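User: Please take a close look at one part of this model and walk me through how it sits among its neighbours. A single connected account would suit me better than a list.

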Amino acid sequence: MNRQPRRAAIPGETTARLSTLKAHGLLEVPVAEITARLRVAAEVAEAVDGAALMQECVPEREDLKRPLFSELAELTGRHCVLASSSSFMTTSTSAAGTGAESRALVAHPGNPPFAIPVIELVPNPQTTPETVQRAVESRIVVYGV
């Protein structure tokens with residue numbers, strides 16, 4: 001499947017959505033400042049290279065999440081927080097046996113995030129306190145605004 005057309009459309013769609021939020025007074029930062037920080041990557045390795053926090057948003061299926069956490073455990077540095085936007089699946093399930101358990105937690109945003117600026121952090125029993133602290137400190141990375 002050729003995903004290049006979809007990737008090419010992302011910057012324009014992002015700018016349009018951010019412009020709508022700005023027009024309604026929901027952004028304090030100029031749209032161009034936000035979009036300048038974004039990049040579209042074709043591969044997971046490229047997307048997470050040097051990341052301090054990685055937020056996965058794949059469908060709520062263990063058969064998708066667990067292989068992704070395995071891949072992320074190999075591709076990210078030991079200080080990278082591996083966050084899941086899961087609504088119901090804990091990382092003790094989705095990251096089990098992947099090597100990512102100590103860096104994984106649920107970071108579920110309020111919805112809509114521009115109106116409810118909160119992120120619920122749910123560590124699993126193996127998540128280190130340092131991982132939770134890094135997640136708290138990187139809250140601006142999760143929202144990107």
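Analyst: Helices here are DSSP runs of H or I that hold at least four residues, strands are runs of E that hold at least two, and both are numbered from the N terminus. The model is a predicted one. By that definition, Leu72 has its place in helix H4, and H4 covers residues 62-75. This helix is the part to look at, with Leu72 as the way in.

Is Leu72 buried or exposed? Its relative accessible area is 1%, and because the cut-off for a buried residue is under 20%, Leu72 counts as buried. Setting aside neighbours within four places in sequence, Leu72 makes contact with Val44, Val48, Met54, Leu82 and Arg103. Met54 stands 18 residues from Leu72 along the chain, and their C-alpha atoms are 8.6 Å apart.

Those contacts can be placed against the elements around the helix. Val44 and Val48 fall in helix H3, which is residues 44-48. Met54 is in strand S1, residues 53-56, and Leu82 is in strand S2, residues 81-84.

Next, the helix as a whole. H4 has 14 residues, which at 1.5 Å a residue should span 20 Å; the C-alpha atoms at its ends are 20 Å apart, so the expected and modelled spans agree. Which residues of H4 are buried? They are Lys65, Leu68, Phe69, Leu72 and Ala73. Around the helix axis these residues cover an arc of only 140°, so they lie on the same side of H4. What do they pack against? The partners are helix H3, S1, S2, helix H5 (91-94) and S3.

That list includes strands, and the sheet they belong to is the next thing to describe. It is an open sheet of 4 strands in the order S1-S2-S3-S4, and the pairing is mixed. S1 (53-56) and S4 (119-123) are the edge strands, each of them pairing on one side only. From one strand to the next the twist averages 30°. H4 lies across S1, S2 and S3, and its direction makes an angle of about 165° with S2. Another helix, H6 (residues 129-137), lies across S1, S2, S3 and S4, running at about 170° to S4.

The pairing beneath H4 can be followed strand by strand. Strands of a sheet pair through backbone hydrogen bonds, in either a parallel or an antiparallel way. S2 (residues 81-84) and S3 (residues 104-109) run parallel and are joined by 3 bridges. Ala83 has Leu105 as its bridge partner in S3, while the partner of Ser84 is Val106. On to the edge: S3 and S4 run antiparallel, with 5 bridges between them. Here Ala107 stands opposite Leu121 in S4. The loop between S3 and S4 contains Pro112, and the peptide bond that leads into Pro112 from Asn111 is cis, with omega near 0°. Val118 lies in that loop between S3 and S4 as well; its relative accessible area is 44%, so Val118 is partly exposed.

One member of the buried side of H4 carries a charge pairing. Side chains of opposite charge can pair when their charged atoms come close. Lys65 forms a salt bridge with Glu56, where the closest N and O atoms are 2.6 Å apart. Both Lys65 and Glu56 are buried. Glu56 falls within S1 (53-56), and S1 is one of the elements that the buried residues of H4 pack against. At the start of the helix, Asp63 forms a salt bridge with Arg61, again with closest N and O atoms 2.6 Å apart. Arg61 counts as partly exposed because its relative accessibility is 42%.

The structure holds 4 salt bridges. One of them is away from H4: Glu13 pairs with Arg6, the closest N and O atoms being 3.0 Å apart. Glu13 is at 30% relative accessibility and so counts as partly exposed; Arg6, at 46%, is also classed as partly exposed.

To return to the helix itself: the buried residues of H4, Leu72 among them, lie on one side of the helix because their arc is only 140°, and they pack against H3, S1, S2, H5 and S3.

Definitions and conventions
Residues are numbered from 1 along each chain as its sequence is written. This is a predicted model: local features need pLDDT of at least 70, side-chain atom pairs count only at pLDDT 80 or more; totals for chains, interfaces and linings use all residues. Side-chain values use heavy atoms; hydrogens and water are left out. Two strands pair if DSSP finds at least two bridges between them. Axes are lines fitted to C-alpha atoms, for helices over the stretch in contact, and angles run from 0 to 180 degrees between N-to-C directions. Contact means heavy atoms within 4.5 Å. The expected span of a helix is 1.5 Å times one less than its number of residues. Buried means under 20% relative accessible area, exposed over 50%, partly exposed in between (1.4 Å probe, protein chains only). The arc is that of the directions from the helix axis to the C-beta atoms. A salt bridge is a side-chain nitrogen of Lys or Arg within 4 Å of a carboxyl oxygen of Asp or Glu.
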